[in-house]
Amino acid sequence: MSMKQDYETYTAKRAEMEKTHFGPLWLNQEKRYVHPFKIFGNIWYVGDSWVCVHLIDTGNGLLLIDSGNCGATDMLVQVIWEAGFNPADVKWIIHSHGHLDHIGGAVFFKRMFGTQLYLGEPDAIMFRERPWISAIQDAHADGACLFTPDYEIKEGDVLTFGNTTMTFYMVPGHTDGCIAIFFDATDGEKTVRCGYYGGFGFNTLQKDYLIEIGDPTFETRKTYLNSLKKVRDQKVELFLGNHCINNDTLGRRQQQIDHPDGPNPFLDDQVWGKYLDQKRDELLAFMADPKNN
Ligand SMILES: [Zn+2]
């Protein structure tokens, strides 16, 4: 093929992508840039307006929960600087699950800064054995986003990062390797219990999807419900989203801006339970709908 033909193939592919539902997620990443802000104490928001990334200053290195969408690593580097930190100080990245919109920065941080990468064991196995489940082929990046984790998270792990000790549970459903995390954060005066649930989307519970991955009886949906139940009654005073839509991250940020002396809009001990119950009810309704069976 000539260079000219190569170029024409490339532009045709790009034009086609612009017309797809998910195309703009990869073509217009900068539109989703969000200026970083402090959520509470040592926890900062460094994600975009779609997928969350949280930065925790552990006092002995920075920890990220997730590393952003594939192709958005330049934004992640910028937002960490803008928050007043040096990206080179990111010692650990904990990944909520192994989908392409949560793992974008992993390989870069590992190669550039030696960052240690964490991922739930089942999703690490998925990367090795069935990497297409990560949807990396939809990333329209260079494809080098998948990684070998330095540590594979298991049920009940209790791990310490600087001044922060995290307890991990496996909450399979959205993927097999989704994790939930519970830990304390402090602003020096007050300590609050944080809760994180790593993946709520029903996109991986659809009929055709489950048949394709080898679950024709849709057991994954029951697994998802059991995972919600397992961590539903954890004490959570600060619910951190996996995507902004989970906890209305940007709405709460707007409240911070509008009422700088008001109560912290992120501190709410009801929202975790309410949101998990909402997802349970939505999933039960989804399962009862004949078109999904
Ligand atoms: Zn996902």
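Strands E3 (residues 54-57) and E4 run antiparallel and are joined by 4 bridges in this predicted model. Asp57 has Leu62 of E4 as its bridge partner. The two strands form a hairpin with 4 residues between them, and Gly59 in the turn takes a positive phi of about 85°.

Strand E4 itself covers residues 62-65. Leu62 and Leu64 point one way from E4, whereas Leu63 and Ile65 point the other way; all four are buried. On pairing with E5, E4 adopts the parallel sense, again with bridges that number 4. Ile65 is matched there with Ile94 of E5. The connection between these strands includes helix H3 (residues 73-82), and E4, H3 and E5 together make a right-handed β-α-β unit.

**The sheet**

These strands belong to an open sheet of 7 strands with mixed pairing, in the order E1-E2-E3-E4-E5-E6-E7. Its edges are strand E1 (37-40) and strand E7 (151-153), each of which pairs on one side only. From one strand to the next, the twist averages 25°. In general, the strands of a sheet pair through backbone hydrogen bonds, in either a parallel or an antiparallel sense.

The pairings described in this report are set out below.

| Strand pair | Sense | Bridges |
|---|---|---|
| E3 and E4 | antiparallel | 4 bridges |
| E4 and E5 | parallel | 4 bridges |
| E5 and E6 | parallel | 4 bridges |

Within the E5 and E6 pairing, Trp92 has Gln116 of E6 as its bridge partner. Helix H5 (residues 121-129) packs on the sheet, where H5 touches E6 and E7. The direction of H5 makes about 100° with that of E6.

**Helix H4 and its cover**

Helix H4 spans residues 106-113, and its buried residues are Ala106, Val107 and Phe109. The cover over these residues includes strand E5 (90-95) and strand E6 (116-120). Just after H4, Gly114 has a positive phi of about 75°.

**The nonpolar core**

In soluble globular proteins, nonpolar side chains tend to be buried together. The largest nonpolar core of this protein has 69 residues, of which Ile93 and Ile179 touch the most other members. Leaving aside residues up to four places away in sequence, Ile179 touches Ser96, Gly120, Ile153, Phe168, Tyr169, Met170, Val171 and Gly198.

**Trp272 in helix H10**

Helix H10 (residues 271-288) contains Trp272. This tryptophan, Trp272, counts as buried because 26 C-beta neighbours lie inside 10 Å, the threshold being 20 or more. With residues up to four places away in sequence not counted, Trp272 touches Gly195, Val236 and Phe239. Asn28 is 244 residues from Trp272 along the chain, and the C-alpha atoms of the two are separated by 31 Å.

**The protein as a whole**

The secondary structure of the protein comes to 10 helices and 12 strands. Its C-alpha trace spans about 65 × 45 × 40 Å along the principal axes. A compact globule of 293 residues would have a radius of gyration near 19 Å, and the protein agrees with this at 19 Å. Of the 293 residues, 40% count as buried. Among contacts with a separation of 6 or more, 67% are between residues 24 or more positions apart.

How values were computed. Residues are numbered from 1 along each chain as its sequence is written. This is a predicted model: local features need pLDDT of at least 70, side-chain atom pairs count only at pLDDT 80 or more; totals for chains, interfaces and linings use all residues. The radius of gyration is taken over C-alpha atoms; the globule rule is 2.2 Å times the number of residues to the power 0.38. A residue is buried if 20 or more other C-beta atoms lie within 10 Å of its own, exposed if 12 or fewer, and partly exposed in between; C-beta atoms are placed from the backbone. Two residues are in contact if their C-beta atoms, placed from the backbone, lie within 7 Å. Two strands pair if DSSP finds at least two bridges between them. Axes are lines fitted to C-alpha atoms, for helices over the stretch in contact, and angles run from 0 to 180 degrees between N-to-C directions. A nonpolar core is a set of buried Ala, Val, Leu, Ile, Met, Phe, Trp, Tyr and Cys residues joined through C-beta atoms within 7 Å. A crossover is right-handed if, with the strands pointing away from the viewer, the path from the first strand over the helix to the second runs clockwise.
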